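Subject: Structure handover

Hello,

Here is the structure I promised you. Please open it alongside this email; my notes follow below.

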Amino acid sequence: MANNQDSTFGSNIIYYCKDCDKIVDAKRVGRKYVFKCSVCGTKNVAFGTEKSIRAFFHIEKDDIAINKVVEVEKKEEKEEQIKG
Ligand SMILES: [Zn+2]
């Protein structure tokens, strides 16, 4: 069930296009640590952890889609099975 993702740095890395001035999806260019913006196509893309990017570029939380983890309490019903 594991997805094989080409995660270079891990799952907490986001990409920020300086031309688009927002968080974008980026594709890695060659073997270098150069990323191409999937929106405008330039290589003026910074990357880093979400914390570092947000702090460096002063990005508000609304600009980033954050997956909120909702803790759901699962009530496990114990079913007693009588084997006879
Ligand atoms: Zn861009």
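The protein has 1 helix and 5 strands. Reading from the N terminus, the order is β-β-β-β-β-α. Please keep in mind that this is a predicted model.

Confidence

Start with how far to trust it. Mean pLDDT for the protein is 75. Of its residues, 58% reach 70 or more. Among the elements, strand 4 has the highest confidence, at 94. Helix 1 has the lowest, at a mean of 90. Two stretches score poorly. Residues 1–5 have pLDDT below 50, and that stretch makes 0 contacts in the model beyond near neighbours in sequence. Residues 65–74 stay under 50 as well. For them the model has 1 contact beyond four places in sequence. Where pLDDT is low, predicted coordinates should not be read in detail.

The sheet

Three strands make an open sheet, in the order 2-1-5, and the pairing is antiparallel. Which strands stand at the edges? They are strand 2 (22–24) and strand 5 (45–49). Each has a single partner strand, so one side of each lacks a neighbour in the sheet. From one strand to the next, the twist averages 40 degrees.

Strand 1 covers residues 13–17. It is joined to strand 2 by 3 bridges, and the two run antiparallel. Within this pair, Tyr 15 sits opposite Val 24 of strand 2.

The loop between strand 1 and strand 2 holds Asp 21. Its phi is positive, near 60 degrees, and Asp 21 is not a glycine. Most residues other than glycine have a negative phi. Is Asp 21 buried or exposed? Asp 21 counts as exposed, because it has 11 C-beta neighbours inside 10 Å and the cut-off for exposed is 12 or fewer.

The hairpin

Strand 3 (residues 26–29) pairs with strand 4 in the antiparallel sense, over 4 bridges. The two strands form a hairpin, with 4 residues between them. Gly 30 lies in the turn and has a positive phi of about 60 degrees. Two facing pairs are worth locating on screen. Lys 27 has Lys 36 of strand 4 as its bridge partner. Arg 28 stands opposite Phe 35 in strand 4.

Val 34 also belongs to strand 4. With 13 other C-beta atoms within 10 Å, Val 34 is partly exposed. Leaving out residues up to four places away in sequence, Val 34 touches Val 29 and Lys 43. Phe 47 is 13 residues from Val 34 in sequence. In space the two are 9.2 Å apart, C-alpha to C-alpha.

The core

Which residues make up the largest nonpolar core? There are 7: Ile 14, Tyr 16, Cys 17, Ala 26, Phe 35, Cys 37 and Val 45. Strand 1 and strand 4 (34–37) each supply at least two of them. Strand 1 gives the most, with 3 residues.

Ala 26 is a good place to look at this core. Beyond its neighbours within four places in sequence, Ala 26 is in contact with Tyr 15, Phe 35, Lys 36, Cys 37, Ser 38, Val 45 and Phe 47.

Overall, 10% of the 84 residues count as buried. Take contacts between residues at least 6 apart in sequence: 32% of these join residues at least 24 apart.

The helix and what follows

Helix 1 (residues 50–57) lies across strand 1 and strand 5. It runs at about 125 degrees to strand 5.

His 58 is in the segment after helix 1. Like Asp 21, it deserves a look at the backbone. Phi of His 58 is near 55 degrees, a positive value in a residue other than glycine. How many C-beta neighbours does His 58 have inside 10 Å? The count is 6, so His 58 counts as exposed.

Where to begin

I would begin with the sheet of strands in the order 2-1-5. Then go to the hairpin of strand 3 and strand 4. Finish with the 7 residues of the largest nonpolar core.

Best wishes

Note on methods
Residues are numbered from 1 along each chain as its sequence is written. This is a predicted model: local features need pLDDT of at least 70, side-chain atom pairs count only at pLDDT 80 or more; totals for chains, interfaces and linings use all residues. Two strands pair if DSSP finds at least two bridges between them. Axes are lines fitted to C-alpha atoms, for helices over the stretch in contact, and angles run from 0 to 180 degrees between N-to-C directions. Two residues are in contact if their C-beta atoms, placed from the backbone, lie within 7 Å. A nonpolar core is a set of buried Ala, Val, Leu, Ile, Met, Phe, Trp, Tyr and Cys residues joined through C-beta atoms within 7 Å. A residue is buried if 20 or more other C-beta atoms lie within 10 Å of its own, exposed if 12 or fewer, and partly exposed in between; C-beta atoms are placed from the backbone. pLDDT is the predictor's confidence in each residue, from 0 to 100.
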